[in-house]
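I sat down with this one to look up who touches whom. These are my notes, in the order I made them.

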Number of protein chains: 2
Amino acid sequence: MTSIKDVASRAGVSVATVSRVLNDHPSVRQDTRDRVLAAVAELGYRPNALARSLRTDQTRTLGLVISDVLNPFFTELARSVEDEARALGYSVIIGNADEQPDLQDHHVRTLLDRRIDGLLVSPAGGGSPLMLEAAQAGVPMVFVDRWIQGVDVPVVRTDGREAVRDLVAHLYRLGHRRLAIITGPAATTTGSERVEAFRDAIREHGLTLPPEHIGQGDFQADSGRRATAHFLDMPDPRDRPDSIFAADNLMALGAMDEIRARGLKVPDDIALAAFDDIPWFVHTDPPITAIAQPTGELGRAAVRALIDRVEGRPAPSVTVSARLVVRRSCGESEGKPR
Amino acid sequence: MTSIKDVASRAGVSVATVSRVLNDHPSVRQDTRDRVLAAVAELGYRPNALARSLRTDQTRTLGLVISDVLNPFFTELARSVEDEARALGYSVIIGNADEQPDLQDHHVRTLLDRRIDGLLVSPAGGGSPLMLEAAQAGVPMVFVDRWIQGVDVPVVRTDGREAVRDLVAHLYRLGHRRLAIITGPAATTTGSERVEAFRDAIREHGLTLPPEHIGQGDFQADSGRRATAHFLDMPDPRDRPDSIFAADNLMALGAMDEIRARGLKVPDDIALAAFDDIPWFVHTDPPITAIAQPTGELGRAAVRALIDRVEGRPAPSVTVSARLVVRRSCGESEGKPR
DNA sequence: CTGAAAGCGCTTACAG
DNA sequence: CTGAAAGCGCTTACAG
C-alpha cells in the first residue's frame, strides 16, 4: 500500500505537510497544497485509518449491537442508525447478537478492542458485567429499545403500555376473554414490560392472565411456534386461549406457522396480534393487527444521543410512544389506525 | 485506556514479554506467563486492535457490502456470512449500499481505509472504477450474488435459469399467456439475467415478451408498486399482463401493495410470482410462488472463497442452483416444491 | 527465556 | 509556511 511517505517524496515535501493538506490545515501555501493533491491523485493514495485513529485516539465510528438481524424491526433500526450516523460524519459497525448474551458480549468486546468512539446496544440478555464495566470505565454508551437495569446510561426506547391497553380493549370489544401472550425473555426489558402491560390491561377488564397463558419465547420464530403449540395442546378446550399476542413479529410468524400447520384459521379459530408492525402484515392472511413503533425515529434519536455523549455533551433518555394498527387478525373488518 | 505498558510494569516485565504471552508465544516461562496474565486480569486490559493491525498489517476483518439491508435476502446472506467468518476467526463489517452505486463506493472506500483483509460485495450498480482498481491493486475480493463484468475476481452466485424456466412452464400450464416481469437495474447482473432467462423461457412456448411487459424496477418496493401500476393502467385490457414475475421479494411486496390498493385479487385478477423466497410468502394472501436460493450456502461459500484469497490460496467461482417453490399465487391449489 | 529497539503510518507541538 | 521529531500501542528480529 502506498503511504504518506510516498506522497511526500513524490510531492517533494515532508510527511507533516502532506498530513496538513489532508486535514485541511489552513497554513499551507496554495501551490504546495496543489502539488500534494496532485501526488495523492497520481498515487491513488488513501490514508490508513488505523494509523490515524491510533494517533488521534478517535475512530469516528460507532458500534451497534442488535439483538437479531433477521428481525425486520432491528434491521430497520440498523438502517436508520447508519443513515443518521453517516449524516453526522460517523460510520457504524454492526454486531448481531442473535438473541444470545454470549454472542452479544463477543461483539461488545470486539467493538471495544477496535476502539469505537461510542456504543449503541439493544441488550439481548439481562445483566452484562462487561457492559457495566465499560459504562463505568466511561465508554460513551446508549441503550436503544431494550436496556439493562443498574447500568447508568441514556435509554432511547418506546413505551408500548398505552398501545397494549388499546389492543386489549380491542380484543375485549370483539368478545375475546381468554387472552394469551407469547413473551420475550424475562431478562430483557421489552420482554418483561410487554407482559406486564398486557397483564395490567387485562385486569382492568376484570379478567386475569393465568400462567398457562404466558408462553415463554425468545423473540425468535421457533419459540413462537412452540408456545403456540403449547396453547393449542391444552387438554380442556375451555382453557385454551381465544387470542394470542406475540411480543414481536418473528414470534407472530412462528405462531402463524403453527396455526396453519394445524389447519386452523385466524381469527375464526384464534385471534392473533403482534408487537412491531412490518410491511408484510398488510398482506398476510388475514392482515395482522399490530403495535407500531416509530422505528426510524428511535434509531435517529439514539444516534444523536450517543454522539452527544461522544462529543462530551449531556444526553437525555428519550421515550417515544407506539400505536395500535387495527387490521383483521382479531376479528371484525379492517379498521383504520387510531 | 490501559495499555501494554501498564501491564508490563505491573507484572514487572517488558512489553515484549507481555506481547508474547498475549500471542501465545511458546518461549515464555510458566511463572512469568502467570504473572502477566494476572496483571492483565487485574487491570482489565484489552489489546488495542488498531495498534496490532497497524503493526501486523492484518485486521482479521472482512468487509461486506450488501445492496440493501431491508431486503430479507441480503439480511439472511449477511447473517450467514458473519457466522461463517466468525467460525473461521474473522469478523465482518457490513456496509449497506441501499441499491445506490455512490453509497456502495462510499462503503468500499471506508472499508479499504480500515484495511480490511478482504472484500465481499454484491454490487449495486454496473462498473465501479473504484472496485476495479482495488481488485487490480490486489485487494482480496469476491463477488456474491451479483458481479461486475471485467473485474476478475471469483463469483459466488446462484444460477436461476432453470428455475425461471420452471416458473414460466408453470404459468403456461395454468393458462397464462401475457407474462410480464418487474426487473432490477439492467446494470446489475441479476437484473439482466433474470429478464433474459424469462424471455428465453417465454420464447420456448412460442410467446414473446413485449417491451411494455418489462417493468423497470430497482429491486426496492416502491419500484414494484410503480411498475405494477403501469401494467394495470394499460388502456387496452388485452394488452395488460395476466401474470407478473417480480425479480425480487421487495418488488413483489410493492406489486401486492398496488394490486390490493386497486381492489384486485391474486391470482384471480392477476398472477404473481417472485424471485427469492422468504418466510412470509407462506402466509401472504395468497401464498406466493417463488424461486428459492440456498442463501445460507451462498454466504458461507463466499466467505470460504474470500478467506482462501486472503490467505493466499486460489479460490474458484461457485454457482449453486435455485428451485421453484409452487404455492397459490399463480392459480391452482398449493403444490409441493419440486 | 527475556529485553531493548526499531518500525507500522499517521498527527501535532515545537522550532525556525 | 514548512520540517524534524516524538509518540500513539503494538510486534518481532536481534542479542544476550
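**Entry 1: strand C**

I began with Arg20(B): one of its polar side-chain atoms lies 2.4 Å from a base oxygen of DNA strand C. I count a polar contact as a pair of N or O atoms within 3.5 Å; within protein, one must be able to donate a hydrogen and the other to accept it, and residues adjacent in sequence count only if both atoms are side-chain atoms.

A note to self on ground rules: this is a predicted model, local features need pLDDT of at least 70, side-chain atom pairs count only at pLDDT 80 or more, and totals for chains, interfaces and linings use all residues. Residues are numbered from 1 along each chain as its sequence is written, chains are lettered from A and ligands numbered from 1 in the order in which they are written, and side-chain values use heavy atoms, with hydrogens and water left out.

Next I checked two more arginines of chain B. Arg55(B) has a side-chain N or O atom 3.2 Å from a base nitrogen of DNA strand C. Arg29(B) uses its backbone instead, with an N or O atom 3.0 Å from a phosphate oxygen of the strand.

Then I listed the elements that give two or more residues to the surface near DNA strand C: α1 (4-11), α2 (15-22) and α4 of chain A, plus α2 (15-22) and α4 (49-56) of chain B. Helices (H or I, at least four residues) and strands (E, at least two) are DSSP runs, numbered from the N terminus. α4(A) gives the most, with five residues.

In total I found 27 residues around DNA strand C, the closest being Ser19(A), Arg55(A), Thr17(B), Arg20(B) and Thr32(B). Near here means that a heavy atom of the residue lies within 4 Å. Sugar and phosphate make up 65% of the strand C atoms that come within 4 Å of the protein.

**Entry 2: strand D**

Which residues are closest to DNA strand D? I got Thr17(A), Arg20(A), Thr32(A), Ser19(B) and Arg55(B), out of 27 that surround the strand.

I noted three phosphate contacts on this strand. Ile4(B) places a backbone N or O atom 2.7 Å from a phosphate oxygen. Ser14(A) has a polar backbone atom at 3.0 Å from one, and Thr32(A) has a side-chain N or O atom at 3.3 Å from one.

For this surface, α4(B) gives the most, with five residues. By class I have 10 nonpolar, nine polar and eight charged residues near DNA strand D. My classes: Ala, Val, Leu, Ile, Met, Phe, Trp, Tyr, Cys and Pro are nonpolar, Asp, Glu, Lys and Arg are charged, and the others, Gly among them, are polar.

**Entry 3: chain A against chain B**

How many residues does each chain bring to the contact? I read 46 from chain A and 46 from chain B, with contact meaning heavy atoms within 4.5 Å.

The two chains bury about 4,600 Å² between them, 59% of it on carbon and sulfur atoms; this is the accessible area (1.4 Å probe) lost on putting them together, summed over both. Leu50(A), Trp280(A) and His283(A) supply 19% of the area that chain A buries there, more than any other three residues.

I also found four salt bridges across the interface, each a side-chain nitrogen of Lys or Arg within 4 Å of a carboxyl oxygen of Asp or Glu. One pairs Asp113(A) with Arg46(B), the closest N and O atoms being 2.7 Å apart.
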